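Me: Please take a close look at one part of this model, the part where aromatic side chains meet. I would like one connected account.

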Amino acid sequence: MSILTIKYCLDPVLRKKCAPVENIDGDLVTLSADMIETMYAAPGSGLAANQVGISSRIIVVDIGAGTDKPNPVTIINPEITASEDKILGEEGCLSIPEIFAEVKRAKRIEIKGVDLNGKDVRYETEDHVARAFQHEMDHLNGKLFWDMMSKIKRDILKRKFKKILKEVQKK
Ligand code: NI
């Protein structure tokens with residue numbers, strides 16, 4: 001397993017809609033393991049494949065986040081099939097380091113897809129984990145969490161991010 005480089009938000013790969021996975025092969029199994037390792041090393045509780053430069057519909061989310069039992073799951077070709085209630089909550093993104101903002105998301109969702117064995121999977125989640133799934137789904141569709149904010153708010157965060165990026169690149 002290896003830790004992959006996480007792409008920052010200005011990288012065009014994060015703006016492209018990811019393609020559905022057609023074949024589950026050894027490379028995909030390796031990618032999933034690497035994504036999970038990269039997610040925990042960051043540290044974060046979710047990661048989409050395009051964040052490591054692969055434009056395919058694969059996400060990993062720690063459905064045990066917020067508890068003392070980590071439980072990373074991989075979903076291939078995920079779809080949110082139901083959502084309920086809206087809730088504001090703080091959100092960050094591994095592709096936009098050190099920037100956090102309040103984002104309105106569904107409180108509860110149902111998500112479906114297939115796992116690494118090609119078996120159908122379905123999760124019903126709420127709060128933090130539901131938020132992580134929605135956030136990663138957005139990544140697969142080329143969206144970032146600040147797209148949901150007003151242009152003024154987004155521009156403030158973008159300026160802040162560019163400053164942070166300069167500091168990071170100086171190191
Ligand atoms: Ni993100």
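Reply: W146 and F161 are both buried. For F161 the relative accessibility is 1%, so with the limit for buried at under 20% it falls in that class. Keep in mind that this is a predicted model.

The model has 3 aromatic pairs. In one of them, Y8 meets F161 edge-to-face, with 6.1 Å between the ring centres and 65° between the planes. This pair joins distant parts of the chain: Y8 belongs to the segment before α1 (26-41), F161 to helix α3 (residues 151-170), and 153 residues separate them. Y8 has a relative accessible area of 30% and is partly exposed, whereas F161 is buried.

F161 also pairs with W146. Their ring centres are 6.3 Å apart and the planes stand at 75°, which is over the 60 degrees required, so this pair is edge-to-face as well. Because W146 sits in the loop between α2 (127-140) and α3 while F161 is in helix α3, the pair ties together parts 15 residues apart in sequence. Taken together, Y8, W146 and F161 make up one aromatic cluster.

The loop between α2 and α3 also holds K143. K143 is partly exposed, at 40% relative accessibility. Setting aside neighbours within four places in sequence, K143 contacts L14, R15 and D138. The C-alpha atom of K143 is 8.4 Å from that of K16, although their positions lie 127 residues apart along the chain.

Conventions:
Residues numbered from 1 in each chain as written. Predicted model: local features only at pLDDT ≥ 70, side-chain atom pairs only at ≥ 80, totals over all residues. Heavy atoms only, no water. Phe/Tyr/Trp six-rings, centres within 6.5 Å; stacked < 30°, edge-to-face > 60°. Helix = DSSP H or I, 4+ residues; strand = E, 2+ residues; numbered from the N terminus. Buried < 20%, exposed > 50% of the residue type's maximum accessible area, 1.4 Å probe, protein only. Contact = heavy atoms within 4.5 Å.
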